[in-house]
Amino acid sequence: MINYIPVKRRNPVDASVKYYAQNHPDPLVTTRELIGEIVAETTVTEADALAVVSAYVESMQVHLINGNSCKIEGLGIFSVTLGSEGTETAEEFKSSMINGVRLRFRADSRLKYELSLDNPEISFKNLMENV
């Protein structure tokens, strides 16, 4: 179930004020909590699970910093995109014209479905109801 709260926002098209759903991911799930779930579901120890997850994260960071994309099966692809000024020709372009680096995530098709309205199992709860 996805918890949400209605939040007042200004509509950018006509400047009217309306309420829109905003995800309310509280509480934040920490790495330690995820490790605890992994330990409960498998035969690995907490120390081993933490070591593997830490090494995985460090390895992904190295690859992303080197411009590689990283795919986590069932989750998605993390990649780096660049923002820059434009030039008329490729020869005119210099790396000093790069003005931004962003981390991008593209969800795996299965995860996209699980989070879509096409999934009959998805549900929502308004945290402001019955308050």
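Hi everyone, let's start with a hairpin: strands E3 and E4 form one with three residues between them, and in that turn glycine 74 has a positive phi of about 85°. Please keep in mind that this is a predicted model.

Staying with the hairpin, E3 covers residues 70-72 and runs antiparallel to E4, joined to E4 by three bridges. If you want a pair to click on, cysteine 70 has phenylalanine 78 in E4 as its bridge partner.

E4 also pairs with E5, residues 98-107, in the antiparallel sense, this time over nine bridges. There you'll find glycine 76 opposite alanine 107 of E5.

Now, a residue I'd like you to look at in E4, which spans residues 76-84, is leucine 82. Is leucine 82 buried or exposed? Its relative accessibility is 57%, and because exposed means over 50%, leucine 82 counts as exposed. Leu82 joins Phe93, Ile98 and Val101 in making a nonpolar surface patch of about 360 Å².

Let's move on to the other sheet on my list. This one is open, with three strands in the order E2-E1-E6 and mixed pairing. E2 (17-23) and E6 (124-126) are at the edges with a single partner strand each, so each has one side without a neighbour in the sheet. On average, neighbouring strands here are turned by 45° against each other, direction ignored.

Within that sheet, E1, residues 2-10, pairs with E2 in the antiparallel sense over seven bridges. One of the contacts to look up is arginine 10, whose bridge partner in E2 is valine 17.

Thanks for listening, everyone!

Methods: Residues are numbered from 1 along each chain as its sequence is written. This is a predicted model: local features need pLDDT of at least 70, side-chain atom pairs count only at pLDDT 80 or more; totals for chains, interfaces and linings use all residues. Side-chain values use heavy atoms; hydrogens and water are left out. Patches are made of residues with over 30% relative accessible area and no salt bridge: like charges are joined within 9 Å, nonpolar side chains (Val, Leu, Ile, Met, Phe, Trp, Tyr) within 5 Å. Accessible areas come from the Shrake-Rupley method with a 1.4 Å probe; for residues, only the protein chains shown count as cover. A salt bridge is a side-chain nitrogen of Lys or Arg within 4 Å of a carboxyl oxygen of Asp or Glu. Helices (H or I, at least four residues) and strands (E, at least two) are DSSP runs, numbered from the N terminus. Buried means under 20% relative accessible area, exposed over 50%, partly exposed in between (1.4 Å probe, protein chains only). Two strands pair if DSSP finds at least two bridges between them. Axes are lines fitted to C-alpha atoms, for helices over the stretch in contact, and angles run from 0 to 180 degrees between N-to-C directions.
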